[in-house]
Amino acid sequence: MNNDTQVELQGVRQQVLANTQVMQNLIPPTVSYTTEGNVLVIGPEDLARLAAARLSNMGKIAILANESITSQDEEHLERVMSAAEDVESFYNKLIEIKGFLGQFQVKVESGNEQSATTTDLSLAAIRKAHFDLILDLSQSPCINLEMLPPGYFYVGQDEAKLDDAINQLPELIGEFDKPRYVKVNSEICAHNRNGIYGCDRCLNFCPADAIQSINKMIEIDPYLCHGAGSCTNACPTGAISYDLPTPQALHSYLHKLVTRFREQAQVAPVILFHDEANGAALIGDDLPGAIIPVAMEEITVASIDHWMSSLAWGARQILVLNTAATAPTLTQMLKGELQLANDILNEMGQPQRISLIDESSIDSLADLIAISSGWPVILPGEFAATTKRNTLYAAIDHLNEQAASVDSCLTQSNLPYGIVSVNTDSCTLCLSCVSTCPTQALTDGGDKPALNFLEQDCVQCGLCEKACPENAISLTSQMNLDKQARQAIKTLKQEDPFECIRCGTPFATKSMIKRMQEVIGGHSAFSANTERLQMCSDCRVKDMFEDLLQDPEKQLR
(Lines give C-alpha, C1' and ligand atoms only; values in the text may rest on other atoms or scores of the structure.)
Protein backbone atom coordinates (compact mmCIF):
# COMPACT_ATOMS: atom_id res chain seq x y z
CA MET A 1 0.00 0.00 0.00
CA ASN A 2 1.56 3.32 -1.08
CA ASN A 3 2.13 6.27 1.23
CA ASP A 4 -0.67 8.38 -0.23
CA THR A 5 -3.20 5.64 0.47
CA GLN A 6 -1.86 5.21 3.99
CA VAL A 7 -2.17 8.92 4.70
CA GLU A 8 -5.71 8.90 3.32
CA LEU A 9 -6.73 5.95 5.51
CA GLN A 10 -5.13 7.51 8.56
CA GLY A 11 -7.16 10.64 7.92
CA VAL A 12 -10.38 8.63 7.66
CA ARG A 13 -9.53 6.78 10.86
CA GLN A 14 -8.84 10.01 12.71
CA GLN A 15 -12.14 11.47 11.55
CA VAL A 16 -14.13 8.34 12.45
CA LEU A 17 -12.58 8.12 15.92
CA ALA A 18 -13.18 11.81 16.54
CA ASN A 19 -16.85 11.55 15.58
CA THR A 20 -17.61 8.28 17.36
CA GLN A 21 -17.91 8.09 21.12
CA VAL A 22 -18.77 5.34 23.55
CA MET A 23 -22.08 6.15 25.19
CA GLN A 24 -21.29 6.39 28.91
CA ASN A 25 -23.45 6.71 31.98
CA LEU A 26 -23.52 10.44 32.79
CA ILE A 27 -23.35 9.63 36.52
CA PRO A 28 -21.32 6.40 36.70
CA PRO A 29 -21.51 4.40 39.94
CA THR A 30 -18.42 4.79 42.12
CA VAL A 31 -16.89 3.60 45.39
CA SER A 32 -14.98 5.84 47.80
CA TYR A 33 -11.75 5.34 49.74
CA THR A 34 -10.84 7.47 52.78
CA THR A 35 -7.31 7.53 54.22
CA GLU A 36 -5.34 9.42 56.87
CA GLY A 37 -2.01 8.29 55.48
CA ASN A 38 -1.18 5.75 58.20
CA VAL A 39 1.47 3.42 56.78
CA LEU A 40 2.76 -0.04 57.65
CA VAL A 41 6.24 -0.72 56.26
CA ILE A 42 7.06 -4.44 55.93
CA GLY A 43 10.46 -5.96 55.21
CA PRO A 44 14.01 -6.27 56.56
CA GLU A 45 14.24 -3.85 59.49
CA ASP A 46 17.17 -1.89 58.08
CA LEU A 47 15.49 -1.21 54.73
CA ALA A 48 12.11 -0.65 56.35
CA ARG A 49 13.53 1.92 58.79
CA LEU A 50 15.37 3.80 56.04
CA ALA A 51 12.15 3.87 54.00
CA ALA A 52 10.13 5.03 57.01
CA ALA A 53 12.52 7.96 57.45
CA ARG A 54 11.47 9.18 54.00
CA LEU A 55 7.76 9.20 54.98
CA SER A 56 7.82 12.12 57.41
CA ASN A 57 4.91 13.76 55.58
CA MET A 58 2.63 10.75 56.17
CA GLY A 59 0.41 9.92 59.15
CA LYS A 60 1.34 7.33 61.75
CA ILE A 61 3.97 4.79 60.72
CA ALA A 62 4.87 1.33 62.01
CA ILE A 63 7.40 -1.28 60.90
CA LEU A 64 6.86 -5.03 60.72
CA ALA A 65 10.32 -6.58 60.50
CA ASN A 66 9.77 -9.95 58.84
CA GLU A 67 13.25 -10.59 57.38
CA SER A 68 16.88 -10.36 58.48
CA ILE A 69 18.77 -7.13 57.92
CA THR A 70 20.44 -6.98 54.54
CA SER A 71 23.90 -5.65 55.52
CA GLN A 72 26.26 -5.70 58.52
CA ASP A 73 28.25 -2.73 57.24
CA GLU A 74 28.89 -0.37 60.18
CA GLU A 75 28.17 2.82 58.25
CA HIS A 76 24.93 1.31 56.97
CA LEU A 77 23.90 0.23 60.47
CA GLU A 78 24.65 3.68 61.89
CA ARG A 79 22.36 5.26 59.30
CA VAL A 80 19.68 2.74 60.18
CA MET A 81 19.96 3.40 63.93
CA SER A 82 19.49 7.12 63.46
CA ALA A 83 16.65 6.80 60.93
CA ALA A 84 12.99 7.19 61.94
CA GLU A 85 13.79 7.02 65.63
CA ASP A 86 10.17 7.66 66.61
CA VAL A 87 8.87 4.71 64.56
CA GLU A 88 8.35 1.46 66.48
CA SER A 89 9.37 -1.90 65.03
CA PHE A 90 7.44 -5.14 65.57
CA TYR A 91 8.83 -8.63 65.08
CA ASN A 92 5.67 -10.73 65.18
CA LYS A 93 4.93 -13.49 62.68
CA LEU A 94 2.61 -12.25 59.94
CA ILE A 95 -0.61 -14.28 59.70
CA GLU A 96 -2.52 -12.46 56.96
CA ILE A 97 -3.24 -9.13 55.30
CA LYS A 98 -6.72 -8.29 54.07
CA GLY A 99 -8.30 -5.13 52.74
CA PHE A 100 -7.55 -2.20 50.49
CA LEU A 101 -6.68 1.49 50.51
CA GLY A 102 -7.81 2.93 53.84
CA GLN A 103 -8.92 -0.43 55.27
CA PHE A 104 -5.98 -2.85 55.65
CA GLN A 105 -6.38 -5.43 58.40
CA VAL A 106 -3.03 -6.98 59.42
CA LYS A 107 -3.13 -10.05 61.65
CA VAL A 108 0.04 -11.13 63.48
CA GLU A 109 0.88 -13.80 65.99
CA SER A 110 1.53 -12.66 69.56
CA GLY A 111 2.53 -14.46 72.74
CA ASN A 112 4.74 -17.54 72.94
CA GLU A 113 4.48 -20.91 71.22
CA GLN A 114 2.47 -22.36 74.09
CA SER A 115 -0.10 -19.56 74.20
CA ALA A 116 0.05 -17.90 70.78
CA THR A 117 -2.85 -15.64 69.86
CA THR A 118 -3.80 -13.54 66.84
CA THR A 119 -3.61 -9.76 67.18
CA ASP A 120 -4.59 -6.80 64.99
CA LEU A 121 -1.23 -5.10 64.47
CA SER A 122 -2.80 -1.69 63.80
CA LEU A 123 -4.40 -1.63 67.25
CA ALA A 124 -1.10 -2.44 68.93
CA ALA A 125 1.12 -0.26 66.73
CA ILE A 126 -0.81 2.93 65.95
CA ARG A 127 -3.98 2.60 68.07
CA LYS A 128 -6.12 2.53 64.94
CA ALA A 129 -8.59 -0.07 63.63
CA HIS A 130 -6.61 -0.42 60.40
CA PHE A 131 -3.68 0.76 58.32
CA ASP A 132 -4.40 2.98 55.33
CA LEU A 133 -1.39 2.02 53.21
CA ILE A 134 1.20 -0.74 53.09
CA LEU A 135 4.74 -0.46 51.74
CA ASP A 136 6.18 -3.95 51.28
CA LEU A 137 9.96 -4.36 50.92
CA SER A 138 9.95 -8.15 51.45
CA GLN A 139 11.75 -10.45 49.04
CA SER A 140 8.34 -11.84 48.03
CA PRO A 141 5.05 -9.93 48.33
CA CYS A 142 3.07 -10.65 51.48
CA ILE A 143 -0.13 -10.59 49.41
CA ASN A 144 0.06 -13.25 46.73
CA LEU A 145 -2.20 -11.85 44.00
CA GLU A 146 -1.60 -11.00 40.34
CA MET A 147 -3.41 -7.70 40.81
CA LEU A 148 -2.63 -6.21 44.21
CA PRO A 149 -5.24 -4.22 46.16
CA PRO A 150 -5.23 -0.40 45.87
CA GLY A 151 -2.96 1.11 48.52
CA TYR A 152 -0.61 -1.86 48.69
CA PHE A 153 2.82 -1.08 47.22
CA TYR A 154 5.13 -4.00 46.65
CA VAL A 155 8.61 -2.72 45.81
CA GLY A 156 10.85 -5.54 47.07
CA GLN A 157 14.38 -4.23 47.07
CA ASP A 158 14.08 -2.31 43.80
CA GLU A 159 15.29 1.27 44.42
CA ALA A 160 13.42 2.69 41.44
CA LYS A 161 10.12 1.15 42.58
CA LEU A 162 10.76 2.39 46.11
CA ASP A 163 11.37 5.94 44.90
CA ASP A 164 8.18 5.81 42.86
CA ALA A 165 6.17 4.52 45.83
CA ILE A 166 7.60 7.16 48.17
CA ASN A 167 6.46 9.82 45.71
CA GLN A 168 2.96 8.33 45.35
CA LEU A 169 2.15 7.68 49.01
CA PRO A 170 1.59 11.36 50.03
CA GLU A 171 -0.90 11.69 47.19
CA LEU A 172 -3.05 9.00 48.80
CA ILE A 173 -4.19 11.00 51.81
CA GLY A 174 -7.81 12.11 51.71
CA GLU A 175 -10.91 10.80 49.94
CA PHE A 176 -10.87 9.17 46.51
CA ASP A 177 -13.49 7.81 44.12
CA LYS A 178 -13.08 4.87 41.78
CA PRO A 179 -15.54 3.47 39.20
CA ARG A 180 -17.66 0.50 40.16
CA TYR A 181 -16.61 -1.41 37.06
CA VAL A 182 -18.99 -4.37 36.97
CA LYS A 183 -22.45 -5.32 38.18
CA VAL A 184 -24.15 -8.63 38.91
CA ASN A 185 -27.65 -9.65 37.86
CA SER A 186 -28.47 -12.51 40.22
CA GLU A 187 -31.69 -13.24 38.33
CA ILE A 188 -29.81 -14.90 35.48
CA CYS A 189 -26.73 -16.08 37.38
CA ALA A 190 -26.10 -19.83 37.01
CA HIS A 191 -23.95 -20.14 40.14
CA ASN A 192 -26.57 -21.51 42.53
CA ARG A 193 -30.22 -22.42 42.28
CA ASN A 194 -32.34 -24.10 44.95
CA GLY A 195 -29.28 -24.84 47.05
CA ILE A 196 -27.42 -26.52 44.19
CA TYR A 197 -24.06 -25.21 42.99
CA GLY A 198 -23.50 -24.89 39.26
CA CYS A 199 -21.34 -22.44 37.29
CA ASP A 200 -18.17 -21.04 38.90
CA ARG A 201 -16.34 -19.71 35.84
CA CYS A 202 -15.99 -16.17 37.18
CA LEU A 203 -14.42 -17.44 40.43
CA ASN A 204 -11.60 -19.05 38.47
CA PHE A 205 -10.45 -15.99 36.55
CA CYS A 206 -10.31 -12.97 38.88
CA PRO A 207 -6.64 -11.93 39.29
CA ALA A 208 -7.55 -9.60 42.17
CA ASP A 209 -9.50 -12.16 44.22
CA ALA A 210 -12.42 -9.72 44.25
CA ILE A 211 -15.11 -12.34 43.56
CA GLN A 212 -16.58 -14.66 46.18
CA SER A 213 -19.53 -16.96 46.64
CA ILE A 214 -21.33 -15.57 49.70
CA ASN A 215 -24.63 -17.03 50.90
CA LYS A 216 -24.89 -18.96 47.63
CA MET A 217 -24.61 -15.79 45.54
CA ILE A 218 -21.79 -14.29 43.50
CA GLU A 219 -20.58 -11.04 45.02
CA ILE A 220 -17.88 -8.72 43.71
CA ASP A 221 -15.94 -6.48 46.09
CA PRO A 222 -15.84 -3.14 44.23
CA TYR A 223 -12.96 -1.93 46.42
CA LEU A 224 -10.71 -4.79 45.27
CA CYS A 225 -11.94 -4.90 41.66
CA HIS A 226 -9.47 -3.50 39.12
CA GLY A 227 -11.90 -3.66 36.22
CA ALA A 228 -9.98 -6.43 34.48
CA GLY A 229 -13.20 -7.72 32.94
CA SER A 230 -12.21 -11.39 33.14
CA CYS A 231 -15.40 -12.16 35.06
CA THR A 232 -17.62 -10.57 32.41
CA ASN A 233 -15.65 -12.41 29.75
CA ALA A 234 -16.07 -15.77 31.50
CA CYS A 235 -19.75 -15.35 32.48
CA PRO A 236 -21.84 -17.44 30.04
CA THR A 237 -25.19 -15.81 30.81
CA GLY A 238 -24.20 -12.15 30.99
CA ALA A 239 -25.13 -12.08 34.70
CA ILE A 240 -21.84 -10.27 35.33
CA SER A 241 -21.54 -7.35 32.96
CA TYR A 242 -19.12 -4.48 32.57
CA ASP A 243 -20.66 -1.16 33.48
CA LEU A 244 -18.10 1.29 32.10
CA PRO A 245 -18.93 0.91 29.25
CA THR A 246 -21.93 -1.40 29.27
CA PRO A 247 -21.88 -4.37 26.85
CA GLN A 248 -24.51 -2.70 24.67
CA ALA A 249 -22.54 0.58 24.58
CA LEU A 250 -19.35 -1.20 23.52
CA HIS A 251 -21.18 -3.18 20.84
CA SER A 252 -22.79 0.00 19.53
CA TYR A 253 -19.41 1.76 19.47
CA LEU A 254 -17.76 -1.08 17.53
CA HIS A 255 -20.63 -1.23 15.04
CA LYS A 256 -20.36 2.50 14.37
CA LEU A 257 -16.57 2.41 14.01
CA VAL A 258 -16.61 -0.44 11.51
CA THR A 259 -19.60 0.85 9.54
CA ARG A 260 -18.39 4.44 9.26
CA PHE A 261 -14.85 3.45 8.33
CA ARG A 262 -16.07 1.11 5.59
CA GLU A 263 -18.40 3.76 4.18
CA GLN A 264 -15.75 6.48 4.09
CA ALA A 265 -12.63 4.47 3.19
CA GLN A 266 -14.23 1.69 1.14
CA VAL A 267 -11.91 -0.65 2.99
CA ALA A 268 -12.69 -3.25 5.65
CA PRO A 269 -10.88 -2.18 8.84
CA VAL A 270 -8.82 -4.13 11.34
CA ILE A 271 -9.87 -3.67 14.98
CA LEU A 272 -7.01 -3.46 17.49
CA PHE A 273 -8.06 -3.90 21.13
CA HIS A 274 -5.56 -2.58 23.69
CA ASP A 275 -5.56 -1.46 27.32
CA GLU A 276 -5.65 2.22 28.25
CA ALA A 277 -2.29 2.19 30.02
CA ASN A 278 0.51 0.02 28.72
CA GLY A 279 -1.02 -0.78 25.34
CA ALA A 280 -1.97 2.82 24.63
CA ALA A 281 1.66 3.88 25.17
CA LEU A 282 2.67 1.65 22.25
CA ILE A 283 0.11 3.05 19.80
CA GLY A 284 1.34 5.98 17.72
CA ASP A 285 0.04 8.12 14.87
CA ASP A 286 2.06 6.01 12.44
CA LEU A 287 -0.27 3.04 13.00
CA PRO A 288 -1.26 1.57 9.59
CA GLY A 289 -4.33 3.40 8.32
CA ALA A 290 -6.59 0.34 8.12
CA ILE A 291 -6.23 -0.35 11.86
CA ILE A 292 -8.73 1.19 14.27
CA PRO A 293 -7.45 1.13 17.87
CA VAL A 294 -10.02 0.52 20.61
CA ALA A 295 -8.88 1.30 24.17
CA MET A 296 -10.33 -0.44 27.24
CA GLU A 297 -9.56 -0.61 30.94
CA GLU A 298 -8.12 -4.10 30.31
CA ILE A 299 -8.07 -6.12 27.11
CA THR A 300 -10.31 -8.80 28.62
CA VAL A 301 -13.21 -6.33 28.79
CA ALA A 302 -13.89 -7.26 25.15
CA SER A 303 -14.83 -10.91 24.80
CA ILE A 304 -15.68 -13.40 22.09
CA ASP A 305 -19.05 -11.76 21.35
CA HIS A 306 -17.32 -8.41 20.68
CA TRP A 307 -14.71 -10.02 18.42
CA MET A 308 -17.24 -12.03 16.41
CA SER A 309 -19.77 -9.22 16.08
CA SER A 310 -17.05 -6.81 14.89
CA LEU A 311 -16.17 -9.29 12.15
CA ALA A 312 -19.82 -9.86 11.28
CA TRP A 313 -20.38 -6.10 10.98
CA GLY A 314 -17.61 -5.89 8.40
CA ALA A 315 -14.18 -5.83 10.05
CA ARG A 316 -11.72 -8.12 8.32
CA GLN A 317 -9.46 -8.96 11.26
CA ILE A 318 -9.24 -8.63 15.04
CA LEU A 319 -5.98 -7.99 16.91
CA VAL A 320 -5.68 -8.07 20.70
CA LEU A 321 -2.54 -6.39 22.04
CA ASN A 322 -1.18 -8.14 25.11
CA THR A 323 1.63 -6.59 27.15
CA ALA A 324 3.94 -7.82 29.88
CA ALA A 325 1.78 -5.96 32.41
CA THR A 326 -1.24 -8.20 31.72
CA ALA A 327 -1.87 -10.62 34.58
CA PRO A 328 -1.02 -14.25 33.70
CA THR A 329 -4.58 -15.35 34.48
CA LEU A 330 -5.92 -12.86 31.93
CA THR A 331 -3.40 -14.00 29.32
CA GLN A 332 -4.41 -17.61 29.92
CA MET A 333 -8.07 -16.72 29.49
CA LEU A 334 -7.40 -14.74 26.30
CA LYS A 335 -5.49 -17.59 24.71
CA GLY A 336 -8.30 -20.01 25.47
CA GLU A 337 -11.03 -17.71 24.13
CA LEU A 338 -9.05 -16.82 21.00
CA GLN A 339 -8.39 -20.47 20.30
CA LEU A 340 -12.10 -21.24 20.58
CA ALA A 341 -13.04 -18.28 18.36
CA ASN A 342 -10.58 -19.33 15.67
CA ASP A 343 -11.68 -22.97 15.92
CA ILE A 344 -15.24 -21.81 15.25
CA LEU A 345 -14.09 -19.71 12.27
CA ASN A 346 -12.05 -22.61 10.95
CA GLU A 347 -14.99 -25.01 11.31
CA MET A 348 -17.18 -22.77 9.14
CA GLY A 349 -14.47 -22.22 6.53
CA GLN A 350 -13.47 -18.68 7.53
CA PRO A 351 -9.80 -17.64 7.88
CA GLN A 352 -8.53 -17.46 11.44
CA ARG A 353 -9.22 -13.76 11.70
CA ILE A 354 -8.41 -13.19 15.39
CA SER A 355 -4.86 -12.86 16.74
CA LEU A 356 -3.22 -12.18 20.09
CA ILE A 357 -0.14 -10.03 19.54
CA ASP A 358 2.52 -8.70 21.88
CA GLU A 359 4.75 -5.64 22.07
CA SER A 360 7.26 -7.12 19.64
CA SER A 361 4.61 -7.16 16.90
CA ILE A 362 3.95 -3.41 16.93
CA ASP A 363 6.66 -2.60 14.39
CA SER A 364 5.44 -5.30 11.98
CA LEU A 365 1.71 -4.55 12.03
CA ALA A 366 1.71 -3.55 8.37
CA ASP A 367 2.98 -6.99 7.40
CA LEU A 368 0.59 -8.70 9.81
CA ILE A 369 -2.53 -7.09 8.37
CA ALA A 370 -1.33 -7.33 4.77
CA ILE A 371 -2.26 -11.01 4.89
CA SER A 372 -5.87 -10.26 5.80
CA SER A 373 -6.28 -7.84 2.89
CA GLY A 374 -6.47 -10.88 0.60
CA TRP A 375 -9.06 -12.75 2.67
CA PRO A 376 -12.69 -13.01 1.48
CA VAL A 377 -14.63 -9.82 2.19
CA ILE A 378 -17.40 -10.12 4.79
CA LEU A 379 -20.62 -8.41 3.80
CA PRO A 380 -21.85 -6.52 6.89
CA GLY A 381 -24.56 -8.30 8.85
CA GLU A 382 -27.76 -6.48 9.72
CA PHE A 383 -28.34 -7.47 13.32
CA ALA A 384 -28.42 -5.46 16.52
CA ALA A 385 -26.63 -6.40 19.72
CA THR A 386 -28.99 -7.73 22.39
CA THR A 387 -27.91 -10.17 25.08
CA LYS A 388 -24.33 -11.42 25.17
CA ARG A 389 -25.31 -14.90 24.04
CA ASN A 390 -27.76 -13.95 21.30
CA THR A 391 -25.34 -11.37 19.91
CA LEU A 392 -22.59 -13.99 19.71
CA TYR A 393 -24.84 -16.49 17.93
CA ALA A 394 -26.14 -13.82 15.52
CA ALA A 395 -22.54 -12.97 14.61
CA ILE A 396 -21.52 -16.62 14.22
CA ASP A 397 -24.55 -17.40 12.04
CA HIS A 398 -23.81 -14.45 9.78
CA LEU A 399 -20.14 -15.37 9.43
CA ASN A 400 -21.15 -18.94 8.67
CA GLU A 401 -23.53 -17.77 5.95
CA GLN A 402 -20.66 -15.74 4.47
CA ALA A 403 -18.48 -18.85 4.33
CA ALA A 404 -19.45 -22.51 3.88
CA SER A 405 -22.81 -22.46 5.72
CA VAL A 406 -21.87 -25.64 7.55
CA ASP A 407 -24.28 -27.41 9.89
CA SER A 408 -21.69 -29.27 11.92
CA CYS A 409 -20.92 -29.20 15.65
CA LEU A 410 -17.59 -28.21 17.15
CA THR A 411 -17.19 -30.47 20.17
CA GLN A 412 -14.83 -29.40 22.94
CA SER A 413 -14.79 -29.93 26.67
CA ASN A 414 -15.78 -27.25 29.17
CA LEU A 415 -17.60 -24.97 26.73
CA PRO A 416 -20.52 -22.87 28.01
CA TYR A 417 -22.52 -24.05 24.97
CA GLY A 418 -24.04 -27.46 24.34
CA ILE A 419 -26.89 -29.88 24.78
CA VAL A 420 -28.75 -31.71 27.53
CA SER A 421 -29.57 -35.39 27.08
CA VAL A 422 -32.15 -37.34 29.08
CA ASN A 423 -32.41 -41.05 29.80
CA THR A 424 -36.11 -41.43 29.05
CA ASP A 425 -36.31 -44.76 30.88
CA SER A 426 -35.23 -43.12 34.14
CA CYS A 427 -36.84 -39.69 33.79
CA THR A 428 -40.15 -39.31 35.63
CA LEU A 429 -40.81 -35.76 34.42
CA CYS A 430 -40.57 -34.37 37.95
CA LEU A 431 -39.24 -31.18 36.32
CA SER A 432 -36.66 -30.44 39.02
CA CYS A 433 -34.34 -29.56 36.15
CA VAL A 434 -36.77 -26.94 34.84
CA SER A 435 -36.98 -25.18 38.20
CA THR A 436 -33.19 -24.90 38.46
CA CYS A 437 -32.41 -23.85 34.88
CA PRO A 438 -31.30 -20.17 35.02
CA THR A 439 -31.76 -19.46 31.31
CA GLN A 440 -34.99 -21.37 30.64
CA ALA A 441 -33.20 -23.64 28.21
CA LEU A 442 -35.30 -26.37 29.84
CA THR A 443 -39.06 -25.80 29.99
CA ASP A 444 -42.12 -27.86 30.76
CA GLY A 445 -44.83 -28.88 28.34
CA GLY A 446 -47.52 -26.61 29.72
CA ASP A 447 -50.76 -28.61 29.87
CA LYS A 448 -49.01 -31.82 28.82
CA PRO A 449 -46.33 -33.72 30.76
CA ALA A 450 -43.19 -32.97 28.75
CA LEU A 451 -39.62 -31.69 29.02
CA ASN A 452 -38.50 -29.33 26.27
CA PHE A 453 -35.02 -28.03 25.47
CA LEU A 454 -33.61 -25.06 23.54
CA GLU A 455 -29.91 -25.54 22.79
CA GLN A 456 -29.16 -21.89 22.07
CA ASP A 457 -29.97 -20.94 25.66
CA CYS A 458 -28.03 -23.74 27.40
CA VAL A 459 -24.90 -22.58 29.27
CA GLN A 460 -23.81 -26.05 30.46
CA CYS A 461 -23.86 -24.93 34.10
CA GLY A 462 -24.72 -28.43 35.29
CA LEU A 463 -27.53 -27.36 37.63
CA CYS A 464 -30.07 -29.58 35.90
CA GLU A 465 -27.77 -32.59 36.05
CA LYS A 466 -27.20 -32.14 39.80
CA ALA A 467 -30.87 -31.43 40.51
CA CYS A 468 -32.16 -34.59 38.82
CA PRO A 469 -33.18 -37.13 41.52
CA GLU A 470 -33.07 -39.96 38.99
CA ASN A 471 -29.58 -39.15 37.59
CA ALA A 472 -31.23 -39.14 34.18
CA ILE A 473 -29.51 -36.03 32.77
CA SER A 474 -26.13 -35.71 31.05
CA LEU A 475 -24.44 -32.77 29.33
CA THR A 476 -22.42 -32.48 26.13
CA SER A 477 -20.57 -29.23 25.47
CA GLN A 478 -20.45 -28.19 21.82
CA MET A 479 -20.82 -25.24 19.49
CA ASN A 480 -23.61 -26.12 17.06
CA LEU A 481 -23.30 -24.22 13.78
CA ASP A 482 -26.67 -25.50 12.56
CA LYS A 483 -28.79 -22.45 13.32
CA GLN A 484 -32.12 -24.14 12.66
CA ALA A 485 -31.34 -27.12 14.90
CA ARG A 486 -29.85 -24.94 17.63
CA GLN A 487 -32.89 -22.65 17.78
CA ALA A 488 -35.48 -25.41 17.54
CA ILE A 489 -37.35 -26.44 20.69
CA LYS A 490 -36.78 -30.17 21.15
CA THR A 491 -38.91 -32.46 23.26
CA LEU A 492 -36.59 -34.59 25.37
CA LYS A 493 -39.41 -36.61 26.91
CA GLN A 494 -43.19 -36.58 26.96
CA GLU A 495 -45.88 -38.82 28.39
CA ASP A 496 -49.61 -39.07 28.58
CA PRO A 497 -50.85 -37.86 31.96
CA PHE A 498 -51.89 -40.38 34.58
CA GLU A 499 -55.53 -39.93 35.59
CA CYS A 500 -56.79 -40.38 39.12
CA ILE A 501 -58.48 -43.78 39.39
CA ARG A 502 -61.22 -42.23 41.49
CA CYS A 503 -62.13 -38.89 39.89
CA GLY A 504 -60.32 -39.08 36.57
CA THR A 505 -58.33 -35.86 37.08
CA PRO A 506 -54.85 -35.88 35.45
CA PHE A 507 -52.33 -35.32 38.24
CA ALA A 508 -49.01 -37.03 37.41
CA THR A 509 -47.19 -39.08 34.81
CA LYS A 510 -47.27 -42.84 34.46
CA SER A 511 -43.55 -43.08 35.11
CA MET A 512 -43.91 -41.00 38.28
CA ILE A 513 -46.67 -43.26 39.63
CA LYS A 514 -44.59 -46.33 38.82
CA ARG A 515 -41.61 -44.82 40.62
CA MET A 516 -43.73 -43.94 43.66
CA GLN A 517 -45.03 -47.48 43.86
CA GLU A 518 -41.47 -48.81 43.77
CA VAL A 519 -40.09 -46.42 46.39
CA ILE A 520 -42.89 -45.85 48.93
CA GLY A 521 -45.41 -48.55 48.12
CA GLY A 522 -44.27 -50.49 51.16
CA HIS A 523 -44.79 -47.60 53.58
CA SER A 524 -47.34 -48.24 56.33
CA ALA A 525 -49.54 -45.45 55.02
CA PHE A 526 -49.93 -47.26 51.71
CA SER A 527 -49.05 -50.93 52.32
CA ALA A 528 -52.69 -52.00 52.63
CA ASN A 529 -53.97 -49.36 50.22
CA THR A 530 -51.47 -49.11 47.37
CA GLU A 531 -54.25 -47.91 45.11
CA ARG A 532 -54.06 -44.55 46.93
CA LEU A 533 -50.82 -43.86 45.10
CA GLN A 534 -52.93 -43.79 41.95
CA MET A 535 -55.23 -41.11 43.36
CA CYS A 536 -54.87 -37.36 43.26
CA SER A 537 -54.20 -35.62 46.59
CA ASP A 538 -57.86 -34.73 47.20
CA CYS A 539 -59.14 -38.23 46.54
CA ARG A 540 -56.35 -39.75 48.60
CA VAL A 541 -57.42 -37.73 51.66
CA LYS A 542 -61.09 -38.60 51.10
CA ASP A 543 -60.27 -42.27 50.83
CA MET A 544 -58.26 -42.20 54.08
CA PHE A 545 -61.14 -40.53 56.02
CA GLU A 546 -63.72 -42.90 54.58
CA ASP A 547 -61.55 -45.80 55.69
CA LEU A 548 -61.38 -44.38 59.23
CA LEU A 549 -65.14 -43.80 59.36
CA GLN A 550 -65.75 -47.44 58.48
CA ASP A 551 -63.25 -48.63 61.13
CA PRO A 552 -62.81 -45.90 63.83
CA GLU A 553 -60.43 -48.02 65.88
CA LYS A 554 -57.94 -48.27 62.97
CA GLN A 555 -56.28 -45.01 63.95
CA LEU A 556 -55.53 -46.51 67.40
CA ARG A 557 -53.86 -49.60 66.01
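In this predicted model, the second largest pocket has a volume of about 500 Å³, and its lining is made up of 28 residues, with Thr237, Gly238, Thr387, Lys388 and Arg389 lying nearest its centre. At least two lining residues of the second largest pocket come from each of β16 (240-242), α7, α8 (304-312) and α11, and α7 provides the largest share, 4 residues.

The largest pocket holds about 580 Å³ of space. Of the 29 residues that line the largest pocket, Arg201, Phe205, Glu337, Asn414 and Pro416 are those nearest its centre. Two or more residues of that lining are given by each of α6 (230-234), α9 (328-348) and α11 (388-401), and the element that gives the most is α9, with 6 residues. The table sets out the class make-up of the two linings.

| Pocket | Nonpolar | Polar | Charged |
|---|---|---|---|
| Largest pocket | 14 residues | 10 residues | 5 residues |
| Second largest pocket | 10 residues | 13 residues | 5 residues |

Helix α7, which contributes to the lining of the second largest pocket, also takes part in a helix pair. Helix α1 (residues 3-19) packs with helix α7 (residues 247-265) at an angle of about 145 degrees, the two axes being 10 Å apart, and the crossing of α1 and α7 is right-handed. On the α1 side, the contact is made by Leu9, Val12, Arg13, Gln15, Val16, Leu17 and Asn19, while α7 brings Tyr253, Leu257, Arg260, Phe261, Gln264 and Ala265. Sorted by class, the residues in the contact of α1 with α7 are 8 nonpolar, 3 polar and 2 charged.

Helix α9, the element that gives the most to the lining of the largest pocket, is also involved with a sheet. This is an open sheet of 3 strands in the order β21-β25-β22, with antiparallel pairing. Because β21 (409-411) and β22 (418-422) stand at the edges, each with a single partner strand, one side of each is left without a neighbour in the sheet. On average, and with direction ignored, neighbouring strands of this sheet are turned by 45 degrees against each other. Strand β25 (residues 473-480) and β22 pair in the antiparallel sense over 5 bridges, and glycine 418 stands opposite serine 477 in β25. Against this sheet packs α9, which touches β21 and β25 and whose direction makes about 145 degrees with that of β21.

Note on methods:
Residues numbered from 1 in each chain as written. Predicted model: local features only at pLDDT ≥ 70, side-chain atom pairs only at ≥ 80, totals over all residues. Heavy atoms only, no water. Axes fitted to C-alpha atoms, helices over the stretch in contact; angles between N-to-C directions. Left-handed = near helix turned anticlockwise from the far one by under 90°. Contact = heavy atoms within 4.5 Å. Nonpolar A, V, L, I, M, F, W, Y, C, P; charged D, E, K, R; others polar. 1 Å grid on protein atoms, 1.4 Å probe; cavity = no way out; pocket = protein on both sides within 12 Å on 5 of 7 lines; lining within 4 Å. Points joined across faces, edges and corners; volume = space filled by probe spheres on them. Pairing = 2+ DSSP bridges.
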